[in-house]
Structure formats: C-alpha cells, structure tokens
Amino acid sequence: MAGPQSPKYIAERADQLLVEPLDAMTLIYQRRSGITHIVAEPVPEILAVMGGDALSAAEVAAWLAAQFDLDATDAEAVVATRLEELAALGLLERVRA
Amino acid sequence: MSVHEFRVKVGPVAFRICSAWKRPIDQLADLYRDYPTPEIPDYSVRLEARSPFRRFIRPSITLGGDYMLPDAAPLPLAQGLLAAEMAMNLQVALGWRRHLLLHASAVEKDGKALIMTGASGSGKSTLAAMLGHKGWRFMGDEFVLIDLVNGEAAPFPRMISLKNEAIGAMQASALDGRFGPLMIGTPKGDIRHLVPARDAIAQIAVSATPALLLFPSFGYEPAVREIGASEVFMRLTQASTNYVALGEAGFTTLTRFIKTVPARAIDYRDGIEAAALVNQLWDELA
C-alpha cells in the first residue's frame, strides 16, 4: 500500500484540541468545530505521533511501531483506515502526497 | 392580553409570569410566597388565551415566552399552574448559559451534593422529594446547575412536581408539606405540586460541592453497579440541554465533574430500600 501515491495527512493543530483520557475511551474536544469526539485507541496515539508533520499511513505505522509493541507492516492497513476516518471527522487534513 | 403578573427568583434564575387569568397567578403567588422576588427577570412567560373568546368560554391556555416550542398543545385553565411550571422549565432548558445544566435532581448534606439523574420514571424526583424530608436539603428535581468556573452545584428548588402514585406517597410522608391543587388528567397524568421544605427555600442561594452521582432505576431488586467514566460522560451529555451550546466551557466543566465525582447505578423497589442504598453509598464515597 505504501508507495509514491499514498496520501499524506496533517493532524489538527494541538492547540485546537482538548484531550481528556477517561477509562477505555478518550474525549477530544475540537475548538474550531465545537464538537466532542469520543475515541478509542489507537486514535489518541496516532494524533500524538503525528505532531505537525504531513505523514502517510506507512510513516505513522512506523512511528507507532517504534513506540509500541506492534509490527509496522501489520499496523499499516489499520492506520490507513483510521486516518481516513479521522479526515472525515475533521481531525486530520488529507494533503497531496 | 396578559394583565396579571407574578415574579419569582428560583436559585439564580429570575422569572416573570404574566397571565390573562388571575387564578394561575394567585396559585403561583401562594405556592412561591416564601421565595425571593427579583427586580429584573431573566425570562418572561405568558399564559395567554388561544383567542379572545377562549379567555371566557372553555378557557384554554397558549404558552408564550422568550423560548417556546412551536407546537406545544394548549392546556385547559384548570391546569394553569402546570402550564406555568412547564414554561418556566422550558426557558431554563433552552436559554440558560450561565451554568452547565443537568436534567437531574439533587439534595445536600454538610455542604456536599448528591445528584441523581435518569430517565422519566427512574424515581429521581420522588427520591429527592423524600430525602428532602429525611434530613437532606432539597436542591431541585428538574435541573442541577453546575458552575462553569468552580464546578459547584447551584440549587434550583422549584415546586416539586409529584405525579400519579408519588402524590399519595408524599402526602403520607410529608405530613407538614404544603401542596398545590390536584390536577387530574394532565398530559403527564395526575399532578400535584409540593412546596419544598423550609430549609430548601432559606438556602436557595447556597451552592454545594458535587460529591456523589447516582443513576437510580425503580422496580428492580436492590443492587449497586459501578459505571465507567466514558459511560457517565455519554449519559450526562444526553442529560444536559446546553452542553453543546456551551462549547469549551461545557467540555471542561463536564470532564472535571466526571473525574471528581464518583458515580454508581442503583436499583430499588421502594423508598426504604433506596434510602438505605443512598446512605450506604454516601458513607462510602461522598
């Protein structure tokens, strides 16, 4: 899936998000939209590793694999799906590869 | 034409109620006679005749006010007190922005608040009314108002709206209680209002620190269950009429509440079981 055509994403600026971990879920309030998102892992972890950089699913998976006990190749498909969902919610912006 | 007027302040909220008829205003003035009278109302409520004729012939009330539901059905004059109470609640539900509103009941002891929320029929209102006559201060059975800065719960002790079986139960247990007229066959069943106990009115401006949140369910074997923080969050956003409107202030107020106030679900079959569970959990957690 990784390749020159893979889309890249930029996360919402950190100062636009209020993040409150609860039990199994994490609340993310987005200041710009006024919407509260209720998310489960690995969404908070994805947003945390992305910082302000434009990254592809493969790059995000590699960052996550470096920090958590998972295989980057296995994680890539899951991460790609989550990134598209987060883009649809407005928490990420899809940018040109 | 609204020619009769009554003003009352309930907790932090000041109302002006105007009516084309004298009787609902007289009933309100009697029931709320010990409450403060505000100079400047936050909200106006109007009880108006559907048409000039309907002021006299089969009198029928149309509600007006700052915030209204467009398709609210008119009520007969005999239910004027209910109409006024419904309209007062509606102003707060739709318009209030100074606190986070939770659709809940609350009672207070030692400066700490027990807050109870749940669907209609869960018994939160009757429990608060009952506890209000058993050593607790009644703070309200419709809305709990959470301060956006310090998280304290402000009281909103309106008339207690007793429905159906709760009317007889409270008439038996609140022997010194002051009741309004019995209204039969309203859209909510039989309704009778009970004036909150003296201490609830005397301390109408005194807030309390939220210390325990309960989700009561009436009609089941007595039981206590823990509820996860994310489920509490989802239930309380559903129980709040202004969470979305408050934006970031609503988010920070509600998340602070959830992280600091222990929450349990309780099942009970009667008031004695409920009071025992409440006292046990209060001793353990509050």
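Which residue stands opposite E48(B) in β4(B)? I shall answer that in a moment, after a word on the model itself. What we have before us is a predicted model, and I shall speak about two of its chains, A and B.

The residue opposite E48(B) is T62(B), in β4(B). The two strands concerned are β3, residues 43-49 of chain B, and β4, residues 60-65 of chain B; five bridges join them, and they run antiparallel. They belong to an open sheet of five strands, whose order is β1-β2-β3-β4-β5 in chain B and whose pairing is mixed. At the edges of this sheet stand β1 (4-10) and β5 (75-76) of chain B; each has a single partner strand, so one side of each is left without a neighbour in the sheet. As a general reminder, strands of a sheet pair through backbone hydrogen bonds, either parallel or antiparallel.

Let me turn to another sheet of chain B. Here three strands form an open sheet in the order β6-β10-β11, and the pairing is antiparallel. Its edge strands are β6 (99-103) and β11 (153-154) of chain B, each of which pairs on one side only. Between β6(B) and β10(B), residues 143-147, there are five bridges. Two positions may help you to find this pairing on the screen: H99(B) stands opposite D147(B), and L101(B) stands opposite L145(B). On the other side, β10(B) is joined to β11(B) by two bridges, again in the antiparallel sense. There, I146(B) has A153(B) as its bridge partner. These two strands, β10(B) and β11(B), form a hairpin with five residues between them, and in the turn G151(B) has a positive phi of about 75°. How many of the five residues of β10(B) are buried? The number is four, and the strand is thus mostly covered.

A residue outside that sheet deserves mention at this point. S240(B) is found in the loop between α6 (229-239) and α7 (243-246) of chain B. Is S240(B) buried or exposed? With a relative accessibility of 10%, S240(B) counts as buried, because the limit for that class is under 20%. Its side chain reaches the backbone nitrogen of Y243(B) at 3.1 Å. A polar atom of that side chain also lies 3.3 Å from the backbone nitrogen of N242(B). Setting aside neighbours within four places in sequence, S240(B) is in contact with L100(B), L101(B) and L102(B). You will recall L101(B) as the residue opposite L145(B).

I come next to strand β17 of chain B, residues 263-268. Six of its six residues are buried. In a regular strand the side chains alternate between the two faces of the sheet. In β17(B) both faces are covered: A263(B), A265(B) and D267(B) are buried on one side, and R264(B), I266(B) and Y268(B) on the other. Which strands pair with β17(B)? One is β15, residues 209-218 of chain B, which runs parallel to β17(B) and is joined to it by six bridges; F215(B) has A265(B) as its bridge partner there. Another is β16, residues 223-226 of chain B, which pairs with β17(B) in the antiparallel sense over four bridges. In that pairing, V224(B) is matched with I266(B).

Finally, let us consider where the two chains meet. In this interface, 10 residues of chain A are in contact with 13 residues of chain B. About 1100 Å² is buried between the chains, and carbon and sulfur atoms give 68% of that area. On the side of chain A, the residues that lose the most area to chain B are E20(A), L22(A) and Y29(A), together 40% of what that side buries. The count of salt bridges between the chains is two. In one of them E20(A) is paired with K259(B), and the closest N and O atoms are 2.5 Å apart. Which strands of chain A each supply at least two residues of the side that touches chain B? They are β2 (17-21), β3 (26-30) and β4 (35-39). By class, this side has six nonpolar, one polar and three charged residues.

I close with T26(A), which is placed in strand β3 of chain A. T26(A) has a relative accessible area of 10% and is buried. Beyond its neighbours within four places in sequence, its contacts include V19(A), E20(A) and P21(A), as well as H37(A), I38(A) and V39(A). E20(A), one of these contacts, is the residue that forms the salt bridge with K259(B).

Definitions and conventions: Residues are numbered from 1 along each chain as its sequence is written. Chains are lettered from A and ligands numbered from 1 in the order in which they are written. This is a predicted model: local features need pLDDT of at least 70, side-chain atom pairs count only at pLDDT 80 or more; totals for chains, interfaces and linings use all residues. Side-chain values use heavy atoms; hydrogens and water are left out. Contact means heavy atoms within 4.5 Å. Buried area is the accessible area (1.4 Å probe) that two parts lose on being put together, summed over both. A salt bridge is a side-chain nitrogen of Lys or Arg within 4 Å of a carboxyl oxygen of Asp or Glu. Ala, Val, Leu, Ile, Met, Phe, Trp, Tyr, Cys and Pro count as nonpolar, Asp, Glu, Lys and Arg as charged, and the others, Gly among them, as polar. Buried means under 20% relative accessible area, exposed over 50%, partly exposed in between (1.4 Å probe, protein chains only). Two strands pair if DSSP finds at least two bridges between them. A polar contact is a pair of N or O atoms within 3.5 Å; within protein, one must be able to donate a hydrogen and the other to accept it, and residues adjacent in sequence count only if both atoms are side-chain atoms.
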